[in-house]
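Subject: Structure for you to look at, with notes

Dear colleague,

Here is the structure I said I would pass on to you. Please open it alongside this message, as the notes below go through it place by place.

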Amino acid sequence: MSTIPARLRLLGAGVLELILLGLAVGFALVTATGIALNANSGVERWQTDIANADLQLDRKTLPPLTQAWCQRDGEAIRQMLPKAHAVSCEPRARSVIPWQTAAPAAVRTPARDVAVLTAWQKELRARTLQLRDLMGRTDTRRLAAELLAGAPAATASQDVAATLQEEVSLEQQAGDDALRRQAEASQRKERWDRWVLAAIEPLLKLPPDNLDPLAMWSAAQSLDGIQSDAGGHMVRQHLSAHANAEKATQSLRIHNGLASLLILHACMSWLMVFVVRRPWPGLAQSLVLTCAGLVFWVGLYLLGGSDSPLQHPRALGALAASMVVLWLLQHFGPRIRAPLATPDTPITTSPLLLPGWWLFTALGWLLLWDQSLNFHPRLRFLALEQWESWCVAAWLLPLAACHGDLLIGLIRRFNAWWLSMRSSWDAITRILLAVALIAGFAALHRLGFGQYITGEVAKALVVVAAAGWSLWKLPVVAQLWGGQQARTAVPILLPAAAILVVAAGIAAATADKGPFLVLCMVVVVLLSSGLGWTTGIGMVVLGFIVMVLVGADMEVVSGRLQAWRDPFTADLDDMARLVWFQAAASESLWGFGPGKTPWCGTTHWGVCHGLPLQLQSDYTFTAIKGWWGPAGGWLFLFGFSLWCFHLMVRTARESVRWTTPSALLHASSVATALRTHLLFITALLILLQTWVTTAGNLGWLPLTGVTWPLVSFGKTSLWFTSVFLGAWGLRRQHA
């Protein structure tokens with residue numbers, strides 16, 4: 001009889017979760033309907049991309065010039081050009097017969113070099129003229145297609161006067177558009193001619209024996225669209241037409257089946273989380289989740305939300321291999337028995353976690369969808385990229401929960417290692433590890449890894465380290481500090497200071513100070529619970545000042561401070577545009593509405609001069625305020641904050657039970673306590689990061705570049721946050 005209340009609580013939580021998820025889906029569908037009713041301009045842009053695919057240049061028509069040279073003059077290229085430039089012409093096929101020797105290389109002679117360079121000159125001249133001719137014909141055909149598409153067609157039922165007036169206005173508009181298109185085509189032709197005169201003509205006028213082979217090779221790369229100069233950029237614009245047409249076709253499919261796709265996403269998200277909550281072995285759950293992910297992919301394809309799985313054989317092969325490995329481990333591998341769940345074990349999964357995660361990620365994606373339809377043309381495929389990431393995140397959320405025990409075990413071992421310093425040699429090894437970690441992040445930054453990747457990885461490491469310290473060391477520090485034994489507590493505080501130092505070093509190495517500010521605030525909350533608010537804030541302010549002064553780009557800092565003090569006279573006008581847009585949105589209590597928000601401004605000059613292009617990542621609160629006005633924006637912000645606060649309160653209540661001295665003697669209790677600390681710090685990090693980016697949007701703080709977790713654009717942020725919420729928030733039941 002003692003198990004009946006637990007089962008009833010589990011059933012009630014499941015029913016409540018379904019009801020809340022249904023309400024979230026309904027609200028998302030209403031928002032999507034408002035966007036779809038005002039999507040004509042965005043749909044026309046996608047249709048234009050599809051139509052331009054038949055007009056633009058194609059690789060089949062213009063094979064790469066450098067590739068043709070490699071096939072014909074590969075030996076001469078390897079002899080004339082430096083190795084770094086001739087590596088693309090290295091022969092790929094090598095003899096596998098031991099006794100067969102390669103043919104001897106031809107001897108380089110001046111006569112052969114002159115012959116090769118003479119042929120290159122002729123082909124450069126021919127390719128330049130061919131590109132100019134094709135670009136001109138492309139502009140002519142595009143102009144003719146637009147004039148035909150914009151011609152008015154009157155019907156017999158229309159009023160004669162109204163029809164004539166409409167035809168006159170349409171003819172005037174078509175004439176203006178034609179003149180504008182002709183002017184743009186003339187400007188493109190002039191830019192091309194100027195680039196050819198400066199970059200190609202000097203090479204064509206020189207005698208072959210005075211030509212520089214490297215300069216000829218670079219010119220050919222520009223004509224292939226590889227170089228970053230003006231000519232290469234113009235060629236890439238034409239060659240990218242077919243890729244844009246494929247993206248536009250996929251975007252139109254999603255637009256036509258948007259409601260069905262949202263419902264499918266919500267149903268599959270709930271179904272995969274339901275699988276995790278079944279009392280099955282972990283390997284069986286992994287196998288079922290892999291199958292569910294494949295079914296999800298097929299369903300997206302049938303509804304037009306994804307490419308066919310058959311077009312991605314590598315991904316299918318990886319899924320098939322993982323399913324085979326899991327099946328073999330399940331039936332023939334060692335039996336790993338997890339600790340049985342007792343009847344009085346609390347239900348650690350909150351019924352608000354999945355509905356909240358789905359609602360906020362869905363509204364964030366719909367916000368990107370609105371911007372892809374009605375914002376700057378450069379961002380018209382932004383929501384398509386985030387759609388793929390959102391679907392993957394729906395699979396990562398339960399998958400992380402399925403392997404949460406494994407992750408907890410690894411984190412326990414890591415924290416036990418780095419927190420146990422018994423000698424000076426242990427301290428030296430930790431210092432060397434910290435230096436190596438900072439150097440590794442600096443190397444990743446130099447290799448071109450974006451701040452959105454290094455920042456998320458740094459936050460994940462800090463969350464893991466801070467959870468272990470707060471579990472094992474913070475209670476001791478609180479007792480010593482409260483007992484007036486501060487000197488004894490200082491050595492125990494050194495690991496927390498080390499966390500801040502390493503985070504500051506990573507921030508300086510990657511030139512990304514926004515995440516460090518959020519991490520400092522997280523440590524403030526943790527330290528203040530044991531040391532008091534005054535001491536905690538003082539330590540973090542000191543660390544933040546050191547971080548700003550060491551390795552900071554003072555030009556960027558001064559520019560943001562200037563925009564914060566006086567946005568309308570600053571060199572950077574981002575803050576001024578935010579202030580203008582928020583004032584315009586506040587004229588109505590509930591804003592402009594989804595699909596009706598003037599992202600490009602209220603004037604229509606054919607150019608998007610509205611909000612900054614970073615709207616999708618840095619200025620999410622401003623975008624939400626434009627959607628729903630000040631009332632809806634603040635309600636959304638408070639709803640998101642209450643969701644995070646609910647997760648924090650729930651885990652804080654559970655941690656009291658699992659952090660008693662007697663409970664920490666058992667391995668299962670330690671794992672549960674560490675899980676609650678990880679979820680608490682993750683929710684705290686999400687909450688503080690949300691308010692930091694909101695304060696920057698409102699002008700309370702300088703702009704930091706910090707995004708809104710789960711809502712703003714960002715694949716890495718969405719995946720990391722979903723994995724952490726799934727691993728620590730979705731407690732799977734053991735078999």
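Does Leu-11 count as buried or exposed, and at what relative accessibility? Please keep in mind, while you look, that this is a predicted model. Leu-11 has a relative accessibility of 56%, and because the cut-off for exposed is over 50%, this residue counts as exposed. Leu-11 belongs to helix 1, which runs over residues 3-36, and together with Val-15, Ile-19 and Leu-23 it makes a nonpolar surface patch of about 400 Å². As a general background, nonpolar side chains in soluble globular proteins tend to be buried together.

For the overall picture, the protein chain has 26 helices and zero strands, and 47% of its 735 residues count as buried. The accessible surface of the chain comes to about 37100 Å², with 65% of that belonging to carbon and sulfur atoms. Among the contacts in the chain with a separation of 6 or more, 79% are between residues 24 or more positions apart.

Turning to the interior, the largest nonpolar core holds 138 residues, and the members that touch the most others are Trp-357, Trp-358 and Leu-366. Once neighbours within four places in sequence are set aside, Trp-358 is in contact with a list of residues that includes Leu-21, Ala-24, Val-25 and Ala-28, as well as Leu-262, His-265 and Trp-390. There is also a second, separate core of 29 residues, with Ala-76, Ile-77, Leu-81 and Val-196 among its members.

Leu-373 is a useful place to see parts of the chain that are far apart in sequence brought together. Leu-373 lies in helix 13, residues 353-374, and with a relative accessibility of 0% it counts as buried. Its C-alpha atom is 9.4 Å from that of Ala-36, although the two residues are 337 residues apart along the chain. Apart from neighbours within four places in sequence, the contacts of Leu-373 are with Ile-35, Ala-39, Ser-41, Gly-42, Val-43, Arg-45 and Trp-46.

Thr-66, in helix 3 (residues 65-80), counts as buried at 8% relative accessibility. What does the side chain of Thr-66 meet in a polar contact of 2.9 Å? The partner is the side chain of Asp-224, and Asp-224 also appears among the contacts of Thr-66 beyond four places in sequence, the others being Trp-217, Ala-220, Gln-221 and Ile-226.

A search of the whole structure finds ten salt bridges, of which I describe a few here. Also in helix 3, Glu-75 and Arg-78 lie three residues apart, about one turn of the helix, and they form a salt bridge in which the closest N and O atoms are 3.1 Å apart. Glu-75 is partly exposed, with a relative accessible area of 28%, and Arg-78 likewise counts as partly exposed at 28% relative accessibility.

Two further salt bridges involve residues that count as buried. Arg-430 and Asp-426 form one whose closest N and O atoms are 3.8 Å apart, and because the two residues are four apart in helix 16 (residues 424-446), about one helical turn separates them. Arg-430 has a relative accessible area of 11% and is buried, while Asp-426 counts as buried at 17%. In helix 17 (residues 451-472), Glu-456 and Lys-459 are three residues apart, so they too are separated by about one helical turn, and the closest N and O atoms of their salt bridge are 3.1 Å apart. Glu-456 is buried with a relative accessible area of 10%, and Lys-459 counts as buried at 6% relative accessibility. Elsewhere, Arg-72, Asp-73 and Glu-123 are joined into one network by salt bridges that share partners.

Finally, a point about the backbone. Most residues other than glycine have a negative phi. Leu-710, however, has a positive phi, near 70°. This residue is placed in the loop between helix 25 (667-698) and helix 26 (715-729), and at 5% relative accessibility it counts as buried.

With best wishes

Notes: Residues numbered from 1 in each chain as written. Predicted model: local features only at pLDDT ≥ 70, side-chain atom pairs only at ≥ 80, totals over all residues. Heavy atoms only, no water. Patch = residues over 30% accessible without salt bridge, like charges linked within 9 Å, V, L, I, M, F, W, Y side chains within 5 Å. Areas by Shrake-Rupley, 256 points an atom, 1.4 Å probe, with all protein chains shown as cover. Salt bridge = Lys/Arg side-chain N within 4 Å of Asp/Glu carboxyl O. Buried < 20%, exposed > 50% of the residue type's maximum accessible area, 1.4 Å probe, protein only. Polar contact = N/O pair within 3.5 Å; in protein donor to acceptor, adjacent residues only side chain to side chain. Contact = heavy atoms within 4.5 Å. Core = buried A, V, L, I, M, F, W, Y, C linked by side-chain atoms within 4.5 Å.
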